[in-house]
Amino acid sequence: MTMTPEPTFCLFCNTELKGRIDKQFCNAHCKSLYHNRNPNTKEALIRKVNKQLRTNRSALYKACPQGKATVRKEFLTSLGMDFKFLTHTWRSNGGNLYYFCYDYGYTPSVDIRKVVVIQQQEYMKKP
């Protein structure tokens, strides 16, 4: 007497699966939807931070499309900038500390309501 294995079902859409005995999803779409529906808490935090970093970089780019500009902090904030999120810092030979979001950075201006925004240059990159 031959035993027929119990049917298995897709973890996302509950469709009966055909094929390998250890199959969990009926297709790649269901697999993706299942994993995106149940996001890992750690991954959710990483996605949130990365989203803010991209928003910051976009705000700095919009404020400084030519490579260097002085702008009001409130203008950057209106574009979604959150000054607590950055990717790295760089100190100039003159002692100014620049805060970067990828390839755009800023340093406080003489006027505390403004910042100097710059695009990263080759000499600023670590060897």
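Let's start with the largest nonpolar core, which has 14 residues. Keep in mind that everything I describe comes from a predicted model. The residues with the most contacts inside this core are Leu 60, Val 71, Leu 76, Met 81, Tyr 106, Val 115 and Val 117. Where do the residues of this core come from? Helix 2, strand 1 (residues 68-72), strand 4 and strand 5 each supply at least two of them. Helix 2 gives the most, with four residues.

There is also a second, separate core, this one of six residues. Among its members are Tyr 98, Phe 100, Ile 118 and Met 124.

Let me stay with Tyr 106 for a moment. Which residues does Tyr 106 touch, if we leave out those up to four places away in sequence? The list is Leu 60, Met 81, Phe 83, Leu 97, Tyr 98, Tyr 99, Val 115, Val 116 and Val 117. Several names there should sound familiar: Leu 60, Met 81, Val 115 and Val 117 were in the list of well-connected core residues a minute ago. Tyr 98, on the other hand, is part of the second core. And Tyr 106 has one more role to show you, in a cluster that ring pairs build from Phe 83, Tyr 99 and Tyr 106.

Now have a look at Ala 59, in helix 2. Ala 59 is buried, with a relative accessible area of 1%. Setting aside residues up to four places away in sequence, Ala 59 touches Leu 76, Leu 79 and Met 81. Now jump from Ala 59 to Pro 7, which is 52 residues away along the chain. The C-alpha atoms of these two are separated by 53 Å.

That brings me to the overall outline. The protein chain has three helices and five strands. Reading along the sequence, you meet them in the pattern α-α-β-α-β-β-β-β. How does the radius of gyration compare with the globule rule? The radius is 24 Å, well over the 14 Å that the rule gives for 127 residues, so the chain is more spread out than a compact globule. If you put a box around the C-alpha atoms along the principal axes, that box is roughly 85 × 35 × 25 Å.

A few totals for the chain go with that. Of the 127 residues, 24% count as buried. The accessible surface comes to about 9600 Å², and 53% of that belongs to carbon and sulfur atoms. As for contacts with a separation of 6 or more, residues 24 or more positions apart account for 40% of them.

Next, the aromatic rings. A pair of rings is described by the distance of the centres and the angle of the planes. How many aromatic pairs does a search of the whole structure find? It finds six. One of them is Tyr 61 with Tyr 104, an edge-to-face pair at 5.7 Å centre to centre, with 80° between the planes. Tyr 61 lies in helix 2 (residues 41-63) and Tyr 104 in strand 4 (residues 104-108), so this pair ties together parts that are 43 residues apart in sequence. Are these two buried or exposed? Tyr 61 is partly exposed, at 39% relative accessibility, whereas Tyr 104 is buried, at 2%.

Another edge-to-face pair is Trp 90 with Tyr 123, at 5.9 Å centre to centre and 70° between the planes. Trp 90 sits in strand 2 (residues 88-91) and Tyr 123 in the segment after strand 5 (114-119), so here the parts tied together are 33 residues apart in sequence. Trp 90 counts as buried, at 17% relative accessibility, while Tyr 123 counts as exposed, at 61%.

I'll end with the backbone. Most residues other than glycine have a negative phi. Which residues have a positive value here? Asn 14 is one of them, with phi near 65°. Asn 14 lies in the segment before helix 1 (28-37), and it counts as exposed, at 54% relative accessibility. Tyr 102 also has a positive phi, near 60°. You'll find Tyr 102 in the loop between strand 3 (97-101) and strand 4, where it counts as partly exposed, at 36% relative accessibility.

That's my tour, and thanks for listening!

Key:
Residues are numbered from 1 along each chain as its sequence is written. This is a predicted model: local features need pLDDT of at least 70, side-chain atom pairs count only at pLDDT 80 or more; totals for chains, interfaces and linings use all residues. Side-chain values use heavy atoms; hydrogens and water are left out. Rings of Phe, Tyr and Trp (its six-membered ring) pair if their centres lie within 6.5 Å; planes under 30 degrees apart count as stacked, over 60 as edge-to-face and the rest as tilted. Helices (H or I, at least four residues) and strands (E, at least two) are DSSP runs, numbered from the N terminus. Buried means under 20% relative accessible area, exposed over 50%, partly exposed in between (1.4 Å probe, protein chains only). Contact means heavy atoms within 4.5 Å. A nonpolar core is a set of buried Ala, Val, Leu, Ile, Met, Phe, Trp, Tyr and Cys residues joined through side-chain atoms within 4.5 Å. The radius of gyration is taken over C-alpha atoms; the globule rule is 2.2 Å times the number of residues to the power 0.38. Accessible areas come from the Shrake-Rupley method with a 1.4 Å probe; for residues, only the protein chains shown count as cover.
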